[in-house]
Amino acid sequence: MKIKSDYVNTPVWKEVTIKSKLPEQLECLDEIAHNLWWVWHYEARELFKSLDEDLYSEVNHNPVLVLERLSYERKMAIVKDKTMMAKVKKVYAAFREYMDVKPDKKRPSVAYFSMEYGLSQVLKIYSGGLGMLAGDYMKEASDSNVDMIGIGFLYRYGYFTQSLSMDGQQIAKYEAQNFNNLPIERVLDENGNPLVVDVPYMNYQVHAYVWCVNIGRIKLYLLDTDNEMNSEFDKPITHSLYGGDWENRLKQEILLGIGGMLMLKKLGIKKDVYHCNEGHAALCNLQRLCDYVASGMNFNQALELVRASSLYTVHTPVPAGHDYFDEALFGKYMGGYPSRLGITWDEFIGLGRQNPDDHNEKFCMSTFACNTCQEVNGVSKLHGWVSQKMFSNIWKGYYPEENHVGYVTNGVHLPTWTASEMIQLYNKYFDKSYRNDQSNEEWWHAIYNVPDKELWSTRMALKKKLISYIREKFTETWLKNQGDPSKVVSILNHINPDALMIGFCRRFATYKRAHLLFTDLDRLSKIVNDPEHPVLFFFSGKAHPADGAGQGLIKKIFEISRRPEFLGKIIFLEDYDMLLARRLVSGVDIWMNTPTRPLEASGTSGEKAEMNGVVNLSVLDGWWLEGYRKGAGWAITDKSTYSNSEYQDRLDATTIYGMLENEIIPMYYDKDKSGLSKEWIKVVKNSIATIAPHYTMKRQLDDYYSKFYTKEAARFKKLSADDNRLAKELAQWKETVAERWDAISVVSKNNEIIEGGLTGEKYKFSYVIDEQGLDDAVGLELVVLKNDQDTSDRKIDRVREFKLINTAGNLYTFECVDEPDHAGVYRVAVRMYPKHKDLPHRQDFCYVKWIEL
């Protein structure tokens, strides 16, 4: 037998993590590093920075990596340094004091589902505003000491890193995250092995690891499919945010909703309210329905309980922004669920259609969320109204202004986004109560007690801090990517902290109208090239890799910024992340926002600027429509003069130029002998005192509790008591009403003719209704639409409820009196609807019958 020249089997590799050992005296730092509490406590950030300033910068301010890479000699030097150890003990004492507070059990508990979370630039699981909002929400939940957990994904690549080519073309680079270097912890099972959640997909399962992010006092659980248990087809589910085709998007949403609920079940976690932050998470309600049906309830009974404890927050102002799936693709993955629920396929897919019987309509996650959540809300007052209109076809029979869609205007986490210099200023002059009572404007009025010189010097320090950051971060990149070193040097030399600095930094989508400022380049050139009154514009933001128009905008701005007259005066800062955002929202003088109304659902970057004494110049859209106060910023009208968007853009651009030339720039440079602009400081103080307190995340969280969580938790408790007795009764009542609805009839009517009537006169309407044995289950109301001269988009003039005045067996007599108070031509009709004291609102059981007047 010939002996083989080699004989090797396949290696059986096991991943083993070796960690850097810390001296016992410094072990507390590892505990802090693995809790994102340090993100919003500047004393902790300063402590990690002081361990090794160069290393801290090199690892992008990641304390886990700082501790991992500190040399043994440096660690021992820290232990021997009494001053340094005193800092360590002080910060750890503050951390433990914060952490040892028990959760407030008086408020309902919440499970919060979101596709992204913006917590720190260290953890790349966010792309834009939705993630920033969710991350801030988690932090405030911790500060407010509520019982909340988050559910999301641990992305291997997250969102892309942006750079620009020499001609301004966006280059998107996806960089893998090394999970061992992140401030996260792997969740283990009772045997010490990684916890695995098995999620059903078609006829197989996807296996997800679970990771935990400690965010102060609360936990965020993240699912991860990039492991050897999964096929190459399924590993990428958690590779990148909003990546891949529609099939991958559906697989992500199955994992977030269904996988998220299965994960909570495996962890033994139950909450009072389940909050879907956008429609991506809507399938959590599908899993909850399956669980209730599996426990012995029928579908309608299960739906009562799921609805009562679910909230859907929409962030999208246009129907095209929602996720729609073809029936064939949806059925490929979801075909087995109707049998589990005890309903037909058409009934199931109909839950995701505004017209359930239209087989050509795609399944929409947002519609499914509306149909399975008791409450729905937009993210500003205007967006609430936009959402009422957008979803109105789901609840036919009611006009948009009548449906239950509400709103909570977004806010921002004060400690995260307020520069440490401003925090110190507030702590010095504000009553200490402001920290726990941030929405109380009374505390913020103390800004008027701050000497003008001290506020001005603080603002100047923040401007210089931004410039230092730009020089530190971008010099090397620009020299490498932009070719001509003399241009780079010219740009850096032109960044003058004494100049009026204006920021426009956000996602580059066309509706944001980043191009507006460049409508008249000659006029813009005169503005930025006035030697006595210099003005700098900073642009930053990413365009989605599939958004060619957005990328084109970036390229156009970059090209303009390289023209001789704009060099160093219009600056594009690439790779907009949380670190750069913190510097910009605190380091410029004006924050500019120019969206096409009403396409800005809320917007929060301007709110972050407010916390730092940066003044807003914005279109009256989103949060600024509510936030604007005269003398505390500048507003571009929300009125459209032209239907032609190009003409409107030109008009709005002219308005902005005029504001800058005639009002803003002269005010900023109107300085007294001491170098202070008294009028500018007055605007800054007005802005901080009257606007900032109303747009904190503390106010937002409190609004969600007062408007939604508390009432939903109370109703769910009522429905689920005594083995879900009321939920079962209500479901049975709905079934009975539905069966008899078409048979309910008008036996007689006696209406005084309102045609040709006069204002001030009373008119009586009377109906006798055969309720088919339903026992006072029907209500009637007179609906009067506005006259034709009214140009508003709200149609209802008034609604008059009929009173029940007599019953005789199945016959119920209703009467209503109406007194017109304005002349005009009106449309009048009578609406019949089912009524029950335990319904949360009409749209919960949206049966409507219009009866003849």
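Aromatic pairs number 42 in this predicted model, where rings of Phe, Tyr and Trp (its six-membered ring) pair if their centres lie within 6.5 Å. Planes under 30 degrees apart count as stacked, over 60 as edge-to-face and the rest as tilted. Being a prediction, the model is read with limits: local features need pLDDT of at least 70 and side-chain atom pairs pLDDT 80 or more, while totals for chains, interfaces and linings use all residues. Residues are numbered from 1 along each chain as its sequence is written, and side-chain values use heavy atoms, leaving out hydrogens and water.

**Aromatic pairs**

- W40 and Y98 meet edge-to-face, 6.5 Å centre to centre with 70 degrees between the planes.
- W40 sits in the loop between α1 (27-33) and α2 (42-51) and Y98 in helix α6 (residues 82-99), so this pair ties together parts 58 residues apart in sequence; helices (H or I, at least four residues) and strands (E, at least two) are DSSP runs numbered from the N terminus.
- Both W40 and Y98 are buried, meaning under 20% relative accessible area (exposed is over 50%, partly exposed in between; 1.4 Å probe, protein chains only).
- The W456 and Y668 rings have centres 5.8 Å apart and planes at 35 degrees, so that pair is tilted.
- W456 belongs to helix α19 (residues 452-481) and Y668 to helix α26 (residues 645-668), so the two tie together parts 212 residues apart in sequence.
- A cluster linked by ring pairs takes in Y112, Y117, Y137, Y704, Y705, F708 and Y709.

**Nonpolar cores**

- In the largest nonpolar core, of 170 residues, M148, L264, L286, M334, F348, Y709 and L780 touch the most other members; such a core is a set of buried Ala, Val, Leu, Ile, Met, Phe, Trp, Tyr and Cys residues joined through side-chain atoms within 4.5 Å.
- Helix α28 (residues 697-740) gives this core its largest share, 14 residues.
- A second, separate core of 106 residues has W417, F504, L567 and I691 among its members.

**Helix α7**

- Of the 15 residues of α7, 13 are buried, so this helix is largely enclosed by the rest of the structure.
- Just after α7, N145 adopts a positive phi of about 60 degrees.

**The open sheet**

- Four strands, in the order β21-β22-β26-β25, make an open sheet with antiparallel pairing; two strands pair if DSSP finds at least two bridges between them.
- At the edges are β21 (745-751) and β25 (803-808), each pairing on one side only.
- Strands β22 (residues 763-770) and β26 (residues 811-818) are joined by eight bridges, and Y763 has D818 in β26 as its bridge partner.
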